Amino acid sequence: IYSNTVRRLENSLREMANIDPLTGICNRRKMHQILKNSLEVKENHPYRAVIAMMDVDFFKKVNDTYGHDAGDEVLLALAHLLFEKQNNTDGFYVSRWGGEEFLVFYEKYKHSKDEIKQYFEDLRKEIQDMVVKVNNKELQITITMGLAFYEDGESIHNLIKVADDNLYEGKKTGRNRVIS
């Protein structure tokens with residue numbers, strides 16, 4: 001009985017350490033583990049991967065206008081859509097990075113960079129067309145996304161920085177876009 005209780009507690013603690021409590025998808029800590037396990041072992045092997053950093057446009061306005069519960073519903077709807085992509089796409093991982101930011105890691109794809117850019121553009125459009133129902137109101141959101149393609153030997157830190165820089169370039173140049 002004691003060992004079963006300890007095992008359940010360990011599993012519970014592990015889940016709390018790796019899962020975002022609001023959205024139920026993996027958190028920043030877990031995504032760092034995924035990135036490390038995937039990218040740091042690829043020395044001298046051809047490998048394709050992309051990171052997409054995304055941020056909900058004008059999220060503060062949603063919270064200020066409709067309340068924080070509405071903001072939570074927006075985050076839940078976005079996380080649900082991304083999680084569905086994860087379940088239906090091999091090598092596709094999603095995480096809540098912080099606040100209204102999400103990070104997607106897509107590895108081992110068999111497409112060109114242009115096709116991957118189009119994939120994320122289609123995802124952006126799908127999110128734009130999504131309707132979130134909150135307190136008898138229908139909200140639509142947009143996201144801005146920055147992409148960074150893995151190059152052999154590139155550090156995880158640099159890859160995330162490039163994606164983040166591209167995200168903020170998209171924010172500065174009009175939002176609701178994908179920048180690579």
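This report walks through a predicted model, taking its sheet, a pair of helices, a pocket and two loop residues in turn.

## The sheet

Let's start with the strands. Strands of a sheet pair through backbone hydrogen bonds, either parallel or antiparallel. Here, 6 strands make up an open sheet with mixed pairing, and their order is β1-β3-β4-β2-β7-β8. At the edges sit β1 (26-27) and β8 (178-179), each of which pairs on one side only.

Now look inside the sheet at β2 (residues 49-56) and β7 (residues 143-149). These two strands run antiparallel and are joined by 7 bridges. If you would like to find one of the partners yourself, go to methionine 53: its bridge partner in β7 is glycine 146.

## A helix on the sheet, and its neighbour

Which helix packs on this sheet? The answer is α5, which touches β2, β3 (92-98), β4 (101-107), β7 and β8. The direction of α5 makes about 160 degrees with that of β7.

Helix α5 (residues 113-129) also meets helix α4 (residues 68-88). Two packed helices are described by the angle between their axes and the distance between the axes. For α4 and α5, the axes come within 11 Å and cross at roughly 145 degrees, and the crossing is right-handed.

Which residues make the contact between α4 and α5? From α4 come Leu78, Leu81, Leu82 and Lys85, while α5 offers Tyr119, Leu123, Glu126 and Ile127. Sorted by class, this contact has 6 nonpolar and 2 charged residues, with no polar ones.

## The largest pocket

Rolling a probe the size of a water molecule over the atoms shows where empty space is left. In this model, the largest pocket holds about 160 Å³ of space.

Its lining consists of Asp57, Phe58, Lys61, Val62, Thr65, Tyr66, Leu139, Gln140, Ile141 and Thr142. Both α3 (59-66) and β6 (137-140) supply at least two residues each to this lining. The largest share, 4 residues, comes from α3. By class, the lining of the largest pocket has 5 nonpolar, 3 polar and 2 charged residues.

## Two loop residues to look up

Phenylalanine 58 is worth a second visit, since we have just met it in the lining of the largest pocket. It lies in the loop between β2 and α3. Although phenylalanine 58 is not a glycine, it has a positive phi of about 55 degrees.

Where is arginine 175 found? Look in the loop between α6 (156-172) and β8. Arginine 175 is also a residue other than glycine with a positive phi, with a value near 65 degrees.

Definitions and conventions. Residues numbered from 1 in each chain as written. Predicted model: local features only at pLDDT ≥ 70, side-chain atom pairs only at ≥ 80, totals over all residues. Heavy atoms only, no water. Axes fitted to C-alpha atoms, helices over the stretch in contact; angles between N-to-C directions. Left-handed = near helix turned anticlockwise from the far one by under 90°. Contact = heavy atoms within 4.5 Å. Nonpolar A, V, L, I, M, F, W, Y, C, P; charged D, E, K, R; others polar. 1 Å grid on protein atoms, 1.4 Å probe; cavity = no way out; pocket = protein on both sides within 12 Å on 5 of 7 lines; lining within 4 Å. Points joined across faces, edges and corners; volume = space filled by probe spheres on them. Pairing = 2+ DSSP bridges.
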